[in-house]
Amino acid sequence: MSQFTAGFAGRRRDTAKKLPPGQYDTGSSWPVLAVEVTPAVDLDAWSMTVDGSVESPVTWSWSEIHELPGSEYAGDIHCVTTWSKFDTRFAGVSVDTLLAAAKPTSGAAFLLAHSSTGYSTNMPLADVTDGKAWVVWEFDGKPLAPQHGGPARLLVPHLYFWKSAKWVNRLELLDEDKRGFWEERGYHDRGDPWQEQRYHSS
Ligand SMILES: Nc1nc2c(c(=O)[nH]1)N[C@H]1C(S)=C(S)[C@@H](COP(=O)(O)O)O[C@H]1N2
Ligand SMILES: [Mo]
């Protein structure tokens, strides 16, 4: 009996929840935040493009992107409005896979992600490489709901969630940083929740 108690305590320690500074746990709810009306996206017309500072711009259709090797994220997400959600599960494709096809040039250092609606958000390219970012179309094993960015959204879970552009359709690589929708309105160019990078000062 005592060995099971010890094992249970050990497991609890391993999975102890950690909140970035200034955040609260939203529990099982998942707030919807968007500046746009949820668009109706036709899967036959859906496409995903990687262009800008790349050797070969690439566009995938809905069926083509599903032929790429799949990749999943299991972990937490953090919104700048102070909610965090633990233990989310998303599936789609790694941004690494998309970038490998388009071959970033040596000067590429930033990403401006675009949504079909006109929303955009910028981040350093290093924040979407080496297994840190995905284009996802599944949440908890089901198709991603339209209000959460379905058919597909960007997922950059180690940065504040405004970087995770819903209804994403283009990843533009840039040599120089260029601000997106919220960054133009004062939100941080990087947005690391652990460093509380909510707003920029210039
Ligand atoms: N296209 C688009 N993507 C967006 C936003 C938006 O307004 N438009 N809001 C961002 C913000 S501020 C957050 S917190 C998350 C919200 O995602 P959710 O509605 O799935 O929780 O989406 C991000 N991506
Ligand atoms: Mo947000």
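These are my notebook entries on a predicted model, taken up one topic at a time.

**Entry 1, the annotated span.** I began with the record: an unreviewed UniProt entry carries the annotation "domain: Oxidoreductase molybdopterin-binding" for residues 38-182. Turning to the model for that span, I found that 10% of residues 38-182 is helix and 41% is strand, and that the C-alpha atoms at the two ends lie 18 Å apart.

**Entry 2, the largest pocket.** I looked up how much space the largest pocket holds, and the value is about 350 Å³. The lining is made up of 22 residues, and Leu33, Ala34, Tyr119, Trp162 and Trp182 are the ones closest to the centre of the pocket. I then sorted the lining by class and noted 16 nonpolar residues, together with three polar and three charged ones.

**Entry 3, backbone geometry.** As a reminder to myself, most peptide bonds are trans, and most residues other than glycine have a negative phi. Against that background I listed the exceptions below.

The peptide bond between Gly150 and Pro151 is cis, with omega at about 10°. I placed Pro151 in the loop that runs between β9 (142-143) and β10 (153-155).

Thr82, which is not a glycine, has a positive phi near 90°. Thr82 belongs to the loop between β4 (71-78) and β5 (83-94), and I recorded Thr82 as partly exposed because its relative accessible area is 27%.

Asp87 is also a non-glycine residue with a positive phi, here about 55°, but I found Asp87 within strand β5 itself. Is Asp87 buried or exposed? With a relative accessible area of 51%, Asp87 passes the cut-off of over 50% and therefore counts as exposed.

**Entry 4, helix α3.** I went through helix α3, residues 95-102, and noted that Val95, Leu98, Leu99 and Ala102 are buried. Why do I write these residues down as lying on the same side of α3? They cover an arc of only 95° around the axis, so they share one side of the helix.

I then checked both ends of α3. At the start, a side-chain oxygen of Ser94 comes to within 3.1 Å of the backbone nitrogen of Asp96. Just after the helix, Lys103 takes a positive phi of about 55°.

**Entry 5, Gln197.** I located Gln197 in the segment that follows α4 (181-184). Because its relative accessibility is 15%, which is under the 20% cut-off, Gln197 counts as buried. What does the side chain of Gln197 reach? One partner is the backbone nitrogen of Gly191, at 3.4 Å. I also noted the backbone nitrogen of Asp192, which lies 2.9 Å from a polar atom of the Gln197 side chain.

**Entry 6, Ser61 and Lys85.** I looked last at Ser61, which sits in strand β3 (residues 58-61). Ser61 has a relative accessible area of 25%, and so I entered Ser61 as partly exposed. From Ser61 I took one distance along the model: Lys85 is 24 residues away along the chain, and the C-alpha atoms of Ser61 and Lys85 are separated by 31 Å.

Note on methods: Residues numbered from 1 in each chain as written. Chains lettered and ligands numbered in written order. Predicted model: local features only at pLDDT ≥ 70, side-chain atom pairs only at ≥ 80, totals over all residues. Heavy atoms only, no water. 1 Å grid on protein atoms, 1.4 Å probe; cavity = no way out; pocket = protein on both sides within 12 Å on 5 of 7 lines; lining within 4 Å. Points joined across faces, edges and corners; volume = space filled by probe spheres on them. Nonpolar A, V, L, I, M, F, W, Y, C, P; charged D, E, K, R; others polar. UniProt positions renumbered as here; feature names shortened; annotations may be inferred. Buried < 20%, exposed > 50% of the residue type's maximum accessible area, 1.4 Å probe, protein only. Arc of directions from axis to C-beta. Polar contact = N/O pair within 3.5 Å; in protein donor to acceptor, adjacent residues only side chain to side chain.
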